[in-house]
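Visitor: Got a minute to go through this model with me? I'd like to jump straight into one residue and work outwards.

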Amino acid sequence: MIGLFLNLLDTQTEKEKFIELYNTYKDLLYWIALKRTNNIEDAEECVQETFFYVAKHFKKIVEVKSKRTKCYLSTIVTGFSIDIHNKSNKISIVSTEEDNDLTDLEYFENFEKIELLSVFDEVLDEESKVFLYLKYIYGYKSSEIAQIYKVNDSYIRKKIQYAKEKLRKYFEEGK
């Protein structure tokens with residue numbers, strides 16, 4: 001299976017680096033996916049999708065054995081796991097107004113990053129956390145996140161907007 005991923009890479013150095021990445025993180029990613037999906041086949045599919053995505057965007061991996069890479073891979077596989085779980089449970093989102101990204105960012109700039117992150121687990125569902133991490137920590141656009149998880153761009157924007165509304169409500173009302 002790893003041979004398919006290697007075919008997406010250009011140089012021998014990239015291929016060796018990818019093999020190291022694969023061997024270092026495959027078990028962790030499988031464990032994360034299995035924990036989310038509770039299904040062996042789905043977990044394996046999530047791990048494959050993660051490595052396929054990483055191989056296509058391998059230039060984003062600077063150092064194999066780093067906390068940033070570990071978090072990046074964990075976030076990607078968690079997103080794929082949530083996607084598969086949601087598809088199996090047929091979860092859908094109700095439409096909302098347009099994303100007021102700039103206004104929301106101004107509001108959240110008043111808080112320390114650590115203060116925001118400390119309430120993530122309490123306030124947000126896993127999918128919302130993944131989308132927020134990818135957008136605001138890793139710098140992905142909503143359209144790129146939508147492409148990763150094969151969903152509509154508006155779905156990503158709405159989930160992010162709902163997450164920001166939940167955080168805002170938590171900080172304003174203490175709920």
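Visitor: Is Glu-49 buried, exposed or partly exposed?
Guide: This is a predicted model, so everything here is computed from it. Glu-49 has a relative accessible area of 25%, so Glu-49 falls between the 20% limit for buried and the 50% limit for exposed and counts as partly exposed.

Visitor: Which helix is Glu-49 in, and what does Glu-49 touch?
Guide: Glu-49 belongs to helix H3. Setting aside residues up to four places away in sequence, Glu-49 touches Phe-80 and Lys-150. There's also a C-alpha distance to go with that: 9.9 Å between Glu-49 and Ser-81, which are 32 residues apart along the chain.

Visitor: Lys-150, then. Where does Lys-150 sit?
Guide: In the loop between H8 and H9. Its phi is near 55 degrees, which is a positive value in a residue other than glycine. Lys-150 counts as exposed because its relative accessibility is 59%.

Visitor: What about Asn-38, what's its phi?
Guide: Near 55 degrees, again positive in a residue other than glycine. Asn-38 follows H2 and is found in the loop between H2 and H3. With 66% relative accessibility, Asn-38 counts as exposed.

Visitor: Since you brought up H2, where is the kink in H2 centred?
Guide: On Tyr-25, and the kink is about 50 degrees. Tyr-25 is also on the list of buried residues in H2, with Glu-14, Phe-18, Leu-21, Tyr-22, Leu-29, Ile-32, Ala-33 and Thr-37.

Visitor: Zooming out, how many helices and strands does the chain have?
Guide: 9 helices and 0 strands. Read from the N terminus, the elements go α-α-α-α-α-α-α-α-α.

Visitor: And what share of the residues is buried?
Guide: 42% of the 175 residues. As for the outside, the chain exposes about 10,400 Å², and carbon and sulfur atoms supply 50% of that.

Visitor: What fraction of contacts join residues at least 24 apart?
Guide: 72%, counting contacts between residues at least 6 apart in sequence.

Visitor: On to the core. Which residues touch the most other members of the largest nonpolar core?
Guide: Phe-18, Leu-21, Tyr-72 and Tyr-149, out of 46 residues in that core. The elements giving two or more residues to this core are H1, H2, H3, H4, H6, H7, H8 and H9.

Visitor: Pick Tyr-72. What is Tyr-72 in contact with?
Guide: Ignoring neighbours within four places in sequence, Tyr-72 is in contact with Tyr-53, Val-54, Lys-60, Ile-61, Tyr-138 and Tyr-140. Two names on that list have a story of their own: the charged end of Lys-60 sits over the ring of Tyr-140, 4.3 Å from its centre.

Visitor: Rings, nice. How many aromatic pairs does the structure hold?
Guide: There are 6 aromatic pairs. One involves Phe-131 and Tyr-155: with ring centres 6.3 Å apart and planes at 85 degrees, the pair is over the 60 degree limit and so edge-to-face. That pair links distant parts of the chain, with Phe-131 in helix H7 and Tyr-155 in helix H9, 24 residues apart.

Visitor: Are Phe-131 and Tyr-155 buried or exposed?
Guide: Both are buried.

Visitor: And which residues form the aromatic cluster?
Guide: Phe-18, Tyr-22, Phe-51 and Phe-58 form one. You've met Phe-18 and Tyr-22 already, among the buried residues in H2.

Visitor: Back to polar side chains. Why does Thr-78 count as buried?
Guide: Because its relative accessibility is 8%, and the limit for buried is under 20%. Thr-78 is in helix H4. Neighbours within four places aside, Thr-78 is in contact with Ile-32, Arg-36, Glu-126 and Val-130.

Visitor: One more. Lys-129: buried or exposed?
Guide: Buried, with a relative accessible area of 8%. Lys-129 lies in helix H7.

Visitor: How far is the C-alpha atom of Lys-129 from that of Thr-75?
Guide: The two C-alpha atoms are separated by 9.0 Å, while the residues are 54 apart along the chain.

Terms used. Residues numbered from 1 in each chain as written. Predicted model: local features only at pLDDT ≥ 70, side-chain atom pairs only at ≥ 80, totals over all residues. Heavy atoms only, no water. Core = buried A, V, L, I, M, F, W, Y, C linked by side-chain atoms within 4.5 Å. Buried < 20%, exposed > 50% of the residue type's maximum accessible area, 1.4 Å probe, protein only. Helix = DSSP H or I, 4+ residues; strand = E, 2+ residues; numbered from the N terminus. Contact = heavy atoms within 4.5 Å. Areas by Shrake-Rupley, 256 points an atom, 1.4 Å probe, with all protein chains shown as cover. Phe/Tyr/Trp six-rings, centres within 6.5 Å; stacked < 30°, edge-to-face > 60°. Lys NZ or Arg CZ within 6 Å of the ring centre and 35° of its normal. Bend = angle between axes of the 7 residues up to and from the residue.
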